Amino acid sequence: MSDTKRSSRIAGFHRQTIAERIAAVSEFAGLTDAERAHLADTGNLPPETADRLIENVVGTMNIPVGIATNMRIDGRDRLVPMATEESSVVAAVCNAARQCYDNGGFTTSMSGARMIAQVQLLDVSDVQHARLRILERIDEIRTVCDECDPLLVKLGGGFRELEARIIETRSGPMVITHLIVDTRDAMGANAVNTMAEALAPRIAAWTGGRTNLRILSNLADRRLARARCTWRLADIGGSEVRDGIITAYHFADADPYRAATHNKGIMNGISAVVLATGNDTRAVEAGAHAYAARNGRYASLTHWETTHDGDLAGSLELPMAVGLVGGATRLHPTAKVALRILGTDSAEDLARVIAAVGLAQNFSALKALATTGIQKGHMALHAHNIAMMAGAVGDEIDAVARALVAGGKVRLDLAEAELKQLRSSSRLGG
Ligand code: MEV
């Protein structure tokens, strides 16, 4: 079919079965039978579950789940499942954790489990009065919010605090109400969004204004997870390594161009655990980056210092809106197993483990960057990927990867050449 004849207007696509959707997409894109069969194989996520999680499902996307070993967190040994497509991420956490294991590992804490929902109020001329009118209704607001979620209240959560802020914008002044809610073991988006929607008409009536958005904030700065750890000099290779890490941190803290990469590395670890446990990676990422810019300039999420004894002290604090109930956590079978491996019993515990993983990741990245460089560690795994991309299968993968690493250059053209040579020499009985 020519490109101009293809239409993306597929009536009732969302009502179709997965098989019907695959047929429609295959016709559109000219997929082969093998490609159709590939899509239809949803692996260990049952198709009916996938179909319930999102709309217009035609398949699933498998990402490897690896285990971070050596993790000792608050005196307890943990195995941490990580879902990531990036090589070296799991190994980096294992290495960092091994180097602090004998010194006790990670210590973590949490500021609480409070989420913020925002209600935007417009068209009020007396914004100062409006703000106070809202704050005066705290008891009524508490009642409305808690009535939205009696189960949450029964579990010890519910409305906690009220804030009303006046902000100046290009559309004029606005009064922004913050409902601050303890969401316990839930990430809490549904709970707080429901409360904000229930409350908005009242806020409009009390103030004579007009409400617009009613939605949670991903800058979950009432839900901060913290991790700290001390790496002994003897365990990390001496003062040069320590100083290299600290100088690397100072670079990130002073320069947003470096901070973006530095924090990306931290999120390599964090997002992998967030994903493995069926939580919302984008929510956590948005919160982390917004928090990194909270002082008006984007900076490092971690801090690195020298202790009295000359050891290396690392710490990390960031918003961590993750839950054990709701969302994909309870529906995705892999997430359920991941939580069993982790042996976690609360969202707080999960958040704290995730912070420790983020700190471990940053340690390894900075150590590698400040010493041998990142490519050496990456090279072996990367070489395997390139070997597979070149078409190597079975034992060929190792052989091609080894040759690439030995040559010091990991490139697709070289892998293809290596594979060609390998195959011709084995044909010749070499
Ligand atoms: C790569 O995914 C992550 C790093 O770039 C992080 C960093 O530079 O700190 C290695």
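Domain bounds, which you need before selecting any domain here, come from an automatic or database domain assignment. The model is predicted, so local features need pLDDT of at least 70 and side-chain atom pairs count only at pLDDT 80 or more, while totals for chains, interfaces and linings use all residues. Residues are numbered from 1 along each chain as its sequence is written, and side-chain values use heavy atoms, with hydrogens and water left out.

Begin by colouring the protein chain as domain 1 (3-53), domain 2 (65-110 + 226-371), domain 3 (114-217) and domain 4 (376-429). Between the C-alpha centres of domain 1 and domain 3 the distance is 41 Å.

Next, select the ligand together with the residues around it (a residue counts as near if one of its heavy atoms lies within 4 Å): Glu86, Arg258, Thr261, His262, Lys264, Gly265, Asn268, Ala365, Leu369 and Ile374. Three of these shell residues are nonpolar, four are polar and three are charged, where Ala, Val, Leu, Ile, Met, Phe, Trp, Tyr, Cys and Pro count as nonpolar, Asp, Glu, Lys and Arg as charged, and the others, Gly among them, as polar.

Now show helix H11 (256-276) and helix H14 (347-370), each of which supplies at least two residues of the shell; helices are DSSP runs (H or I, at least four residues), numbered from the N terminus. H11 gives the most, with six residues.

Finally, zoom in on the side chains of Arg258 and Lys264: an N or O atom of Arg258 is 2.7 Å from an oxygen atom of the ligand, and for Lys264 the corresponding distance is 2.7 Å. A polar side-chain atom of Asn268 lies 2.9 Å from a ligand oxygen atom.

Terms used
Polar contact = N/O pair within 3.5 Å; in protein donor to acceptor, adjacent residues only side chain to side chain.
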